Amino acid sequence: MADDYLVRIGKLIRDARQHRGWTQSQLADALSTSQSAVNRIERGNQNISLEMIARIGEALDSEIVSLGYAGPMHLRVVGGRRLSGAIDVKTSKNACVALLCASLLNKGRTVLRRVARIEEVYRLLEVLNSIGVRTRWINDGVDLELVPPARLDMDAMDADAARRTRSIIMFLGPLLHRMDHFKLPYAGGCDLGTRTIEPHMIALRRFGLDITATEGIYHAKVEPGVSPDRPIVLTERGDTVTENALLAAARHDGTTVIRNASSNYMVQDLCFFLEQLGVRVDGVGTTTLTVHGIPNIDVDVDYSPSEDPVEAMSLLAAAVVTESELTIRRVPIEFMEIELAVLEEMGLDHDRSPEYTADNGRTRLVDLTVRPSKLEAPIDKIHPMPFPGLNIDNVPFFAAIAAAAQGQTLIHDWVYDNRAIYLTDLNRLGGRLQLLDPHRVLVEGPTRWRAAEMMCPPALRPAVVVLLAMMAAEGTSVLRNVYVINRGYEELAERLNSVGAQIEIFRDI
C-alpha cells in the first residue's frame, strides 16, 4: 500500500475517532492494541491490513473504506449555485423500516410500494433474508415484495447487518408471538445493554417478554399466556417504543390500550398498514391507541407508505440556504405545519398548493414553493416536542436556516446528547455557532459561508446540514465518508443536482 494511501486512511480514521469523541487510548482499547499503534496508524506510519480497517470501522461505526461495490464514499460540492425547478419528496425512511419489521406479523405476501432505497433498509433486508424471509425488488426496482418462511431461522441471523441498524429493536414486538425464546444483537452497536431498551420493555413485559443482556446480545424469553390486564402507559412518548407496542398488540388475542403513544408520521403509517392486515386501531393520530388484535394474520397485502416530512424539511432548508426558488412536491403538510409557522414568523416567502391525498389514502400532501427571503431570527428558541410539535429530526435544519437569518437563534435539542455538538461543524464552513452545552447551541446570522474539506458528522441530520451549507458556500468543498447520509436519504446528491446543485460522488481509495 503506497505511503500516501496510508496517510489518507490514517486521516479518515483520526477524523472518525474525533467525531465519535474518543481518545486514541479508547480506540486502542476497543481494538485490543496499544495507543502508540493507533497513533502510528493515524499518522500513516504503520502498515494496516484490510481486516484491521474493518475492525476500526466497526468500532467507530464509520465506513473507512468500501470494498466490493461502487457505493458512494465522498462528495465534492461546488457551492454558490442557485436551485430551481421542482423536486419530489421520497417515501418515509422511518415508516419503511417500521413496515419491514411489521411484515414479520404476516404469514402472507407483503408488497410495499416505492420503498426508500437507503442503507438502513438494505441492512434490514440483509437481516430478514438471513432468517429466511424471501425479498425481491419488483416493478423495475420500485416496489418491494416480502414472503416469510413457515419458520424463521433465528440462529442464521446476519449479526453484522443487525448491529448496523438501530431498527432491529423493532423485531421484538413481532417475534414475541412467533417463538418462546430468541436472541438479537444490541441495536446499532449500542453498549448500554438493557438500559437502552427499558422504555420498550415497560410495554413488552405486559405481553410476557423478558430480556437479559450479555456480551452484546439481547436474550429474549416469552412467558406464554401473559396479556395486558390494564392499559399500557408508555413512560416515553417515543416513536419506536410506540411502534414496538403496536407490533406486540397486533397479534395479541384481545384488546390493548396504549397511552402516551406517539402520534408521529411513521406511527400513523404503521397503524394504516396494520389496518390493511385486518387489525383495527382506534385513535390513530392521538396519544391513546386501542388495538384489536388478531392472533393469526395470513393475508396478501399491498401498501404504500407516505412521504417523508424530514426529507421535505431538508429540501426546504436547501432552498433557504442557497437563496433559491424551489418547488417541493408531495410534502406531508400535517407533519410540517409547526415548522412552517415558525418559518413564517421568521419571514419565509412561500406558498402551498391545495391539499391532496397520498397513495396510502390517508396522509395529506401539498406542493410547497419556497422563494428567496429576508429572514429574521425567531424571538423564541427552536426546540422539538412530540407530534404535533416541531419534529425532533427537523431541529438540526434550523441551524442552517438560522445561520441565514439576521440575529441570534437559540436551538435546544433536548432529546439527543451529542447532536448540538455536531452542529458546530458548521463553524468550519464560516458559521458562527456557540455551543452552550451538549444540548444547546446559539447561532449568529447572517453567514458568509466558505468552502472547506471535512469529515462527515456521524449523525444523519447534522451531516445533511453540513452538505447544505457546502452548497451555499462559494468554491469547492469536500465532504468525506458520507455513509451516514446514505442510511437515510436515497440518491440525495443526484436529486439535488437535478434542480441545479453541483455535487460529484467520488472515491479516492
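This short talk covers one helix and one small sheet of a predicted model.

First, the ground rules. The model is predicted, so local features need pLDDT of at least 70 and side-chain atom pairs count only at pLDDT 80 or more, while totals for chains, interfaces and linings use all residues. Residues are numbered from 1 along each chain as its sequence is written, and side-chain values use heavy atoms, with hydrogens and water left out.

Let me start with helix 5, residues 93-102. Helices here are DSSP runs of H or I with at least four residues, strands are runs of E with at least two, and both are numbered from the N terminus. How many residues of helix 5 are buried? The count is 10 of its 10, where buried means under 20% relative accessible area, with a 1.4 Å probe and protein chains only. Among them are Lys93, Asn94 and Cys96. At the start of helix 5, a side-chain oxygen of Ser92 comes to within 3.4 Å of the backbone nitrogen of Asn94.

Now the sheet. This is an open sheet of three strands in the order 18-20-19, and the pairing is antiparallel. Two strands pair if DSSP finds at least two bridges between them. Strand 18 (407-412) and strand 19 (432-437) are at the edges with a single partner strand each, so one side of each has no neighbour in the sheet. On average, neighbouring strands of this sheet are turned by 20 degrees against each other, direction ignored; the axes are lines fitted to C-alpha atoms, and angles run from 0 to 180 degrees between N-to-C directions.

Strand 19 pairs with strand 20, residues 440-445, over five bridges. Across that pairing, Asp437 stands opposite Arg440 in strand 20.

How values were computed. Buried means under 20% relative accessible area, exposed over 50%, partly exposed in between (1.4 Å probe, protein chains only). A polar contact is a pair of N or O atoms within 3.5 Å; within protein, one must be able to donate a hydrogen and the other to accept it, and residues adjacent in sequence count only if both atoms are side-chain atoms.
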